[in-house]
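Biologist: I would like to learn how to read a protein model by eye. Can we go through one together, feature by feature?
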Amino acid sequence: LAPNELAVGVDLGGTNLRAAVVDTSGGVVFAVHDQVGSDLSPEAVVARAARCVQRVLDGAAVELSEVAGVGIGIAAQLEGSSGVVAVSPNLGWRKVDFGRLMVEALRREVTVLNDLDAIVYAEVTHGVARGHRDVLAVYAGTGVGGGLVLAGRPYRGATGVPAEIGHVKVVGDGRECGCGQRGCLEAYLGGANLSDRLRKEALSDWSALLDRSRNDPGSIHPGLVESLATEGDERAGALWRELSNHFGRVLANAVTLLNPSALVLGGTVMEGCPTLKRLSIEVLKKQALAVAAERLKILDPALGGDAGVVGAAAYVLHEGRSVQ
Ligand SMILES: [Zn+2]
């Protein structure tokens, strides 16, 4: 492969930092997996990411000047395609010119995109949704995020923040969300918020859940409710019905609005809670416009932990470089 058929992809989450040299077929040539570390200052994080880029270039025996570009997916809301991070709750950043800092560290232009957009792009170009031109992807993990590919192109919205499905409202004046508003889907289904709620309920009056955690509330996670629900526990069943009604309705409305051919449903909450996932899909199928739901393919993500680096690199290779 000629070096210009390679790109560097970086996946910068709240905890994990991955980088890889990726080829045009989505193959990972050389990858490293690091931690973001405890110093979350932009300078420290940028220095760490730049070191990872250098390590994968060394590992793949190519020069930075030879590859097609560097794509970086970051867990943040971005200001359009400027490379500026408007807000990153995970990193604790607000108004950080991340793109410029990376350019200064690497002495090479970079393409900055939202980490979930990179993951969705990977699934469409090289993963489970290959061949689909209209794809909605929803990941329910620590938070709840989404990505959209419409007519074969990543949909960027007017200001770069489309498909924020986690902040679609499911309850008027409902539970508090990290975005500062109330009643968002993420306030109910996001793993962090849900685990918080479960801990409180276990300590106040849900003894079966506290027992299931071996009296260790700190270890409570949605998977414990899943196991209770599969055993017929009434309270767990009722909670799963509540959450699947919220989630299924949001998905149904999105499918009715967008008419995608594929819906990719992923994230740790979906992986760890198959009953909740199945119930949500039942609500989705019942409530979406029938002709839109009829041929909809509901798919599991295929690329796992590599999706972020593959997608960021594929974006550079297929969409061309932009930003800086
Ligand atoms: Zn919200």
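Biologist: In which sense do strand E9 and E12 pair, and over how many bridges?

Modeller: This is a predicted model, so keep that in mind throughout. Start with the general idea. Strands of a sheet pair through backbone hydrogen bonds, either parallel or antiparallel. Here strand E9 (residues 135-140) and E12 pair in the parallel sense, over five bridges. To find the register, look at Val138, which stands opposite Leu265 in E12.

Biologist: Which other strand pairs with E12 in the parallel sense?

Modeller: Strand E13 (residues 297-299) does, over three bridges. There the register mark is Leu263 of E12, which stands opposite Ile298 in E13.

Biologist: Is E12 mostly covered or mostly open?

Modeller: Mostly covered. E12 runs from 262 to 266, and five of its five residues are buried.

Biologist: Which way do the residues of E12 point?

Modeller: The general idea is alternation. In a regular strand the side chains alternate between the two faces of the sheet. In E12, Ala262, Val264 and Gly266 point one way. Leu263 and Leu265 point the other way. Both sets are buried.

Biologist: Now the antiparallel sense. How many bridges join strand E1 to E2?

Modeller: Seven bridges join E1 (residues 6-12) to E2, and the two strands run antiparallel. Val8 stands opposite Val21 in E2. Then look at the link: a hairpin of three residues joins E1 to E2.

Biologist: What does E2 do with strand E3?

Modeller: E2 and E3 (residues 28-35) also run antiparallel, joined by seven bridges. Val21 stands opposite Phe30 in E3. So use Val21 as your landmark: Val8 of E1 is opposite Val21, and so is Phe30 of E3. E2 and E3 form a hairpin too, with four residues between them. In that turn, Gly26 has a positive phi of about 85 degrees.

Biologist: How many residues of E2 are buried?

Modeller: Six of its eight. E2 covers residues 16-23 and counts as mostly covered.

Biologist: In what order do E5, E6 and E7 lie in their sheet?

Modeller: The order is E5-E6-E7, in an open sheet with antiparallel pairing. Strand E5 (77-78) and strand E7 (93-96) stand at the edges, each with a single partner strand, so one side of each has no neighbour in the sheet. E6 (residues 85-88) is joined to E7 by three bridges. One register mark is Val87, whose bridge partner in E7 is Arg94.

Biologist: Which residues does Ala86 touch?

Modeller: Ala86 sits in strand E6. Leaving out residues up to four places away in sequence, Ala86 touches Gln77, Leu78, Glu79, Trp93, Arg94 and Lys95. Compare sequence with space as well: Ala86 and Asp97 are eleven residues apart in sequence, and their C-alpha atoms are 8.7 Å apart.

Biologist: Now a helix. Why does the span of H8 agree with its length?

Modeller: Count the rise per residue. At 1.5 Å a residue, the 25 residues of H8 (residues 234-258) should span 36 Å, and the end C-alpha atoms are 35 Å apart, so the two agree.

Biologist: What caps the N-terminal end of H8, and what follows the helix?

Modeller: Asp233 is the cap: one of its side-chain oxygens lies 3.2 Å from the backbone nitrogen of Arg235. After H8 comes Asn259, with a positive phi near 50 degrees.

Biologist: Where does Arg214 lie, and is it buried or exposed?

Modeller: Arg214 is in the loop between helix H6 (207-212) and helix H7 (222-230). Arg214 is exposed, with a relative accessible area of 77%. Its phi is positive, near 55 degrees, though the residue is not glycine. Asn215 lies in the loop between H6 and H7 as well. Asn215 has a positive phi of about 60 degrees, again without being a glycine. It is exposed at 55% relative accessible area.

Biologist: Finally, the whole chain. How many helices and strands does it have?

Modeller: Twelve helices and 13 strands. The radius of gyration is 20 Å, close to the 20 Å that the globule rule gives for 324 residues, so the chain is as compact as a globular protein of that length. Along its principal axes the C-alpha trace spans about 60 × 45 × 30 Å. Of the 324 residues, 52% count as buried.

Key. Residues numbered from 1 in each chain as written. Predicted model: local features only at pLDDT ≥ 70, side-chain atom pairs only at ≥ 80, totals over all residues. Heavy atoms only, no water. Expected span 1.5 Å × (residues − 1). Polar contact = N/O pair within 3.5 Å; in protein donor to acceptor, adjacent residues only side chain to side chain. Pairing = 2+ DSSP bridges. Rg over C-alpha atoms; globule rule 2.2 N^0.38 Å. Buried < 20%, exposed > 50% of the residue type's maximum accessible area, 1.4 Å probe, protein only. Contact = heavy atoms within 4.5 Å.
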